[in-house]
Amino acid sequence: MKKAFSQFVILYTKDIRLEMRSKETLLPMFVFGLLVLTIFNFAFDFPPDQIMSATGGMLWIALTFSMTLGISRSFGLEKEYGSLDSTLLAPVDRGLIFLGKLLSNFTVALIQEVLLLPFLFLFFNIPMFPAFPWFISVILLGTFGFCAVATLFSAVTLNARMREVMLPLLVFPIYIPAVIGAVRATTSIISGEPLAWAFAWIRLLIVFDIIFVTLAYLLFEYVLEE
Amino acid sequence: MKNRSFIWTVLSYSLLIAMLIDLYLVLLVAPTERTMGDVQRIFYFHVPSAWVAFLAFFTVFFGSVAYIATRNVRYDRQAIASAEIGVAFCTIVLVTGPIWARPVWGIWWTWDPRLTSTLVLWLIYASYLLLRGFIEDPGRRAILSAVVGIVGFVDVPIVYMSIRWWRTQHPSPVFAGGAESGLDPDMKIVFFFSLAVFMLLYAVLQGLSIQIKRVESDVVELSRRAAEKE
Amino acid sequence: MTPQMLMETIRAEKVTKAFGRTYALKEITLTIATGEFVGLFGPNGAGKSTFLRICAALIRPTAGRLLVRGKDVWKNLTMRGEIGFLSHAIGLYPNLTVTENLLYFAKLSALKDPVRRVDEVIDKLDMATYAGMEVGRLSRGWQQRAAIARGLLNDPQILLWDEPFTGLDEIATRMILGLLDDFRAQGRSAIISSHDFSRTMEVCGRAIMIDRGRIEYDGAGVDVADAYRRIMSVRAGTSTAETA
């Protein structure tokens with residue numbers, strides 16, 4: 001158990017160090033997210049009183065699209081130089097390789113969100129609201145679930161033709177329940193509705209995250225074998 | 001071998017006869033629904049198709065789990081055959097639904113929980129089929145699609161629950177008395193007959209499709225041997 | 001564990017791998033004894049790399065089984081620690097330095113005292129001056145050395161090496177032959193896939209030739225070059241497009 005945890009930390013820190021050195025994932029993700037928000041502004045020219053009900057949708061489309069862009073590269077980079085093979089040669093549980101990659105993708109996604117969220121509030125003139133901590137927890141849960149599904153499928157599509165196309169095609173249908181929950185909860189919190197409404201959706205997100213992280217952890221060893 | 005093809009011939013012909021009887025029952029015997037009129041008869045195709053689709057997707061799940069556990073290609077063939085049939089019947093549901101909805105509710109499409117869930121199901125399994133087309137190596141295709149087959153099926157109940165909650169917050173057109181509620185006894189008989197015919201259709205399609213897939217992989221195996229002798 | 005199991009390092013039982021419409025390997029059966037050095041030869045696409053990757057448990061065979069020291073590697077994760085595998089890919093992260101790469105793999109393999117082990121390997125390959133450089137910035141030759149350092153890191157009992165002599169100058173070749181000599185002196189085993197008969201047979205006592213996924217020759221190696229020529233002439237007879 002202790003050994004597994006230290007291997008997990010080693011896998012995770014390696015990914016983070018690589019990302020910090022190249023920023024090849026973070027920067028394109030952030031710029032693309034910003035781009036989506038900008039296009040929304042042109043696509044829906046909402047009057048100020050209606051903007052609240054659309055914010056959740058806009059935010060989650062920007063986030064999920066940009067995360068897909070980032071995560072699609074997460075195993076491709078390792079494959080290029082054969083370093084994925086070297087990692088697989090080590091006597092390490094395949095599920096840990098998944099967890100390490102999931103957490104590093106999640107970390108990069110969170111950094112991107114820290115950069116991107118101020119623009120959401122700025123662009124659409126959203127005032128501060130009291131339930132801000134709950135807003136953050138929705139962001140965390142929704143992002144984590146998305147990273148879990150996308151990390152699994154980025155490994156699934158690694159050896160498929162058209163993998164850039166197949167990744168979103170596989171991820172989005174599976175993520176639909178969570179996107180419903182995340183959008184509903186976000187909108188309801190931002191527009192100051194009773195928190196109990198958001199709680200129901202937060203519960204859904206928690207269930208979704210637990211189920212898919214467990215499933216992906218268990219199935220990952222089959223995904224990586226040739 | 002001869003015996004087997006005889007069974008298949010008998011099955012196929014009895015299916016044909018059963019389908020003709022079903023058409024007769026649905027179009028001429030079943031009573032006309034009072035408020036919806038004749039268009040309601042599409043219900044006898046719409047609902048059984050949905051059941052077949054769901055059963056087929058369950059078979060994909062079963063085949064996927066069994067393939068991972070045993071690595072027997074038999075189960076991979078079961079899964080892919082059912083995925084194709086499931087998507088086909090899911091398409092029937094999505095086409096007959098709006099045909100039924102238009103005269104009754106006045107709209108082609110509504111984001112009601114069942115229709116929406118069916119659409120999401122269609123999307124999940126359509127991408128499952130697409131993925132299979134993009135992986136060349138049969139061994140890897142089998143194992144990777146088994147993973148997708150399992151993840152996809154586990155998602156189904158979550159999709160259904162989330163869409164139901166989502167709809168209850170946003171009132172949708174009220175469908176006075178869902179079709180199944182308080183069915184006339186004659187309608188019930190026709191419905192269950194129709195359901196049985198659709199299940200038989202599924203079984204026959206599944207069996208034939210698996211046979212085709214077996215022949216396909218035999219052809220690949222033979223061409224491997226031919227390539228060796230070259 | 002029976003004594004016989006200790007004697008043999010690798011046992012392949014009817015190992016078959018089918019890729020699409022061809023067999024990469026067709027019912028390969030062989031045993032390699034502990035301490036044996038085997039040269040693996042054959043034309044391009046014969047299945048050499050596939051066989052090595054199956055031995056390294058990177059590819060699961062379509063049929064048959066492969067035992068390393070009497071154990072199935074797919075069921076015994078720890079067996080991977082006994083295998084060293086070097087492919088033609090560098091197998092390192094280009095954005096990390098040599099030391100960072102080696103430390104990562106050493107820690108991941110849960111080696112005892114990883115820092116010391118990394119120093120040892122760097123010394124052995126005489127690359128202390130380049131240890132702090134990112135792998136992506138090294139010349140091809142030094143990248144290859146770094147790759148070798150990675151393969152030797154876990155002090156493997158069995159070394160699987162795919163084409164060690166390709167694109168190397170005389171000095172580097174001598175160094176690799178020296179490494180292999182040391183390795184053999186310690187009673188360990190190796191499979192070396194290669195196109196270079198004379199160099200490979202300097203260290204190997206046994207040669208195996210495969211063609212189209214089947215073993216065509218298995219012997220002491222004196223006549224392996226003849227066997228190769230025979231295969232190539234048969235091929236040239238059947239298809240003129242083939243160039244070796």
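A residue is called buried when its relative accessible area is under 20%. Because its relative accessibility is 5%, Ser188(A) counts as buried in this predicted model. Ser188(A) is part of helix H8 of chain A, which spans residues 163-190. Leaving aside residues up to four places away in sequence, Ser188(A) touches Glu193(A), Pro194(A), Trp197(A) and Ala198(A).

The interface of chain B and chain A was examined next. Here 30 residues of chain B are in contact with 30 residues of chain A. The area buried between chain B and chain A is about 2900 Å², and carbon and sulfur atoms account for 75% of that area. On the side of chain B, Phe134(B), Arg140(B) and Val151(B) together supply 22% of the area buried against chain A; no other three residues supply more.

Polar interactions across this interface were also counted. Between chain B and chain A there are 2 salt bridges. Glu225(A) forms a salt bridge with Arg71(B), in which the closest N and O atoms are 2.6 Å apart. In addition, 6 residue pairs are in polar contact across the interface of chain B and chain A, with both residues of each pair at pLDDT 80 or more. Two elements of chain B, helix H4 (113-133) and helix H5 (138-169), give two or more residues to the side that touches chain A. H5(B) provides the largest share of that side, with 17 residues. By class, the side of chain B that touches chain A consists of 20 nonpolar, 6 polar and 4 charged residues.

Chain A also meets chain C. In this interface 25 residues of chain A are in contact with 30 residues of chain C. About 2600 Å² is buried between chain A and chain C, with 62% of this area on carbon and sulfur atoms. Of the area that chain A buries against chain C, 27% comes from Tyr81(A), Leu89(A) and Glu226(A), which is more than any other three residues supply.

The count of salt bridges between chain A and chain C is 4. One of them joins the side chains of Glu225(A) and Arg60(C), with an N to O distance of 3.1 Å. Glu225(A) thus takes part in a salt bridge with Arg71(B) and in another with Arg60(C). Polar contacts between chain A and chain C number 13 residue pairs, again with both residues at pLDDT 80 or more. Helix H1 (2-22) and helix H5 (83-89) of chain A each contribute at least two residues to the side that touches chain C. The largest share of this side comes from H1(A), which gives 9 residues. The side of chain A that touches chain C divides into 9 nonpolar, 6 polar and 10 charged residues.

Within chain C, the contact between domains was treated in the manner of an interface. The domain assignment of chain C gives domain 1, made up of residues 3-69 and 157-238, and domain 2, made up of residues 92-156. Taken over C-alpha atoms, the centres of domain 1 and domain 2 of chain C are separated by 25 Å. Contact involves 12 residues of domain 1 and 8 residues of domain 2. Domain 1 and domain 2 of chain C bury about 860 Å² between them, of which 63% is on carbon and sulfur atoms. The residues of domain 1 that lose the most area to domain 2 are Met175(C), Leu179(C) and Arg188(C); together these make up 44% of what the domain 1 side buries.

Between domain 1 and domain 2 of chain C there is 1 salt bridge. A salt bridge links Asp155(C) and Arg188(C), where the closest N and O atoms are 2.7 Å apart. Arg188(C) is also among the three residues of domain 1 that lose the most area to domain 2. A further count gives 2 residue pairs in polar contact between the domains, both residues being at pLDDT 80 or more. On the side of domain 1 that touches domain 2, strand E7 (158-162) and helix H6 (170-185) of chain C are the elements that give two or more residues. The largest share, 4 residues, is from H6(C). In terms of class, this side of domain 1 of chain C has 9 nonpolar, 2 polar and 1 charged residues.

Methods
Residues are numbered from 1 along each chain as its sequence is written. Chains are lettered from A and ligands numbered from 1 in the order in which they are written. This is a predicted model: local features need pLDDT of at least 70, side-chain atom pairs count only at pLDDT 80 or more; totals for chains, interfaces and linings use all residues. Side-chain values use heavy atoms; hydrogens and water are left out. Contact means heavy atoms within 4.5 Å. Buried area is the accessible area (1.4 Å probe) that two parts lose on being put together, summed over both. A polar contact is a pair of N or O atoms within 3.5 Å; within protein, one must be able to donate a hydrogen and the other to accept it, and residues adjacent in sequence count only if both atoms are side-chain atoms. Ala, Val, Leu, Ile, Met, Phe, Trp, Tyr, Cys and Pro count as nonpolar, Asp, Glu, Lys and Arg as charged, and the others, Gly among them, as polar. Domain bounds come from an automatic or database domain assignment. Buried means under 20% relative accessible area, exposed over 50%, partly exposed in between (1.4 Å probe, protein chains only).
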